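Trainee: I would like a close look at the side-chain packing in this model, beginning with the aromatic rings and moving outward from there. Please take it slowly and keep the geometry explicit.

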Amino acid sequence: MKIIFPKEIMLNCYRFDIIQDPEDGGGSFSFSQNKLTIGTKHLEKDPHAVWMIICHEIFEAAAVVLNYRYDDPSVEGNWKFFMDHKEFENLVAVASFAISKFVVQIDDEK
């Protein structure tokens with residue numbers, strides 16, 4: 001698996017800078033700072049785990065952009081996601097466009 005790291009991605013009209021953190025094995029995003037951080041500590045030995053982190057953070061950030069993620073005050077640091085099937089389709093469309101920036105594009109025209 002070959003993962004490339006763009007400098008930035010767009011989620012609808014919101015730009016997020018992509019930060020690679022070689023000391024971290026997880027990920028996070030900051031909506032207020034327009035930053036998505038991907039831990040690349042395990043990139044060499046487990047690229048699929050890094051791929052999962054990329055997908056997780058992009059889907060979660062897209063859910064915030066689309067107002068599908070809500071605070072759950074019953075558990076600290078927990079989130080709830082609420083959407084119908086049409087909204088889920090919107091989430092997939094927004095997130096998959098951003099995720100596609102992390103894969104090598106193959107030119108089928110050659």
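Mentor: What follows is a walk through the aromatic pairs, the nonpolar core, the charged contacts and a few loop residues.

A word of caution comes before the details: this is a predicted model, and every value below is computed from its coordinates.

The structure contains three aromatic pairs. One of them joins Phe5 to Phe102 in an edge-to-face arrangement, with 5.9 Å between the ring centres and 85° between the planes. Phe5 belongs to the segment before strand E1 (8–11), whereas Phe102 belongs to the segment after helix H2 (85–99), so this pair ties together parts of the chain that lie 97 residues apart in sequence. Both partners are hidden from solvent, Phe5 being buried and Phe102 likewise.

Another pair is made by Phe16 and Phe31, and here the arrangement is tilted, with a centre-to-centre distance of 6.0 Å and an angle of 55° between the planes. This pair also links distant parts of the chain, with Phe16 in strand E2 (residues 14–21) and Phe31 in the loop between strand E3 (27–30) and strand E4 (35–39), 15 residues apart. The label "tilted" applies because 55° is neither under 30 degrees nor over 60. The burial of the two rings can be stated separately: Phe16 is buried, at a relative accessible area of 0%, while Phe31 is partly exposed, at 33%. Tyr14 joins Phe16 and Phe31 in one aromatic cluster.

From the rings one can go on to the nonpolar core. The largest such core has 28 residues, and the members that touch the most other members are Ile9, Leu11, Ile54, Ile58 and Phe102. Phe102 is therefore a link between two parts of this account, since it is among those members and is also the edge-to-face partner of Phe5, the label resting on planes over 60 degrees apart. The elements that contribute two or more residues to the core are E1, E2, E4, H1 and H2, and the most comes from H1, which gives eleven residues. Ile58 shows what such packing looks like at one position: leaving aside residues up to four places away in sequence, Ile58 touches Ile9, Leu11, Leu36, Ala95, Ala98, Ile99 and Phe102.

The charged side chains come next, and the count of salt bridges is four. In one of them Glu8 and Arg15 meet at 3.8 Å, taken from N to O. Glu8 is partly exposed, with a relative accessible area of 42%, and Arg15 is partly exposed as well, at 34%. Another salt bridge joins Arg69 to Glu60, with the closest N and O atoms 2.7 Å apart, and in this case Arg69 is buried and Glu60 is buried too. Arg69 has an aromatic contact besides, for its charged end sits over the ring of Trp79, 3.4 Å from the ring centre. A further salt bridge is formed by Asp72 and Lys80, whose closest N and O atoms are 3.7 Å apart. Asp72 counts as buried at 11% relative accessibility, whereas Lys80 is partly exposed at 47%. Through shared partners, salt bridges also join Glu8, Arg15 and Asp17 into one network.

Two loop residues deserve the same care. Thr40 is found in the loop between E4 and helix H1 (47–65), and Thr40 is buried, with a relative accessible area of 12%. Beyond residues up to four places away in sequence, Thr40 touches Phe5, Gln20, Asp21, Pro22 and Asp24, and Phe5 is the ring already met as the partner of Phe102.

Leu66 is found in the loop between H1 and strand E5 (69–71), and Leu66 counts as buried at 18% relative accessibility. With residues up to four places away in sequence again set aside, Leu66 touches Asn12, Asn90, Leu91 and Val94. The C-alpha atoms of Leu66 and Asn12 are separated by 8.7 Å, although these residues are 54 apart along the chain.

Finally, the cysteines can be read alongside the search for covalent links, which finds zero disulfides in the whole structure. Cys13 is exposed, with a relative accessible area of 61%, whereas Cys55 is buried, with a relative accessible area of 18%.

Technical notes. Residues are numbered from 1 along each chain as its sequence is written. This is a predicted model: local features need pLDDT of at least 70, side-chain atom pairs count only at pLDDT 80 or more; totals for chains, interfaces and linings use all residues. Side-chain values use heavy atoms; hydrogens and water are left out. Rings of Phe, Tyr and Trp (its six-membered ring) pair if their centres lie within 6.5 Å; planes under 30 degrees apart count as stacked, over 60 as edge-to-face and the rest as tilted. Helices (H or I, at least four residues) and strands (E, at least two) are DSSP runs, numbered from the N terminus. Buried means under 20% relative accessible area, exposed over 50%, partly exposed in between (1.4 Å probe, protein chains only). A charge sits over a ring if NZ of Lys or CZ of Arg is within 6 Å of the ring centre and within 35 degrees of the ring normal. Contact means heavy atoms within 4.5 Å. A nonpolar core is a set of buried Ala, Val, Leu, Ile, Met, Phe, Trp, Tyr and Cys residues joined through side-chain atoms within 4.5 Å. A disulfide is a pair of cysteine sulfur atoms within 2.5 Å.
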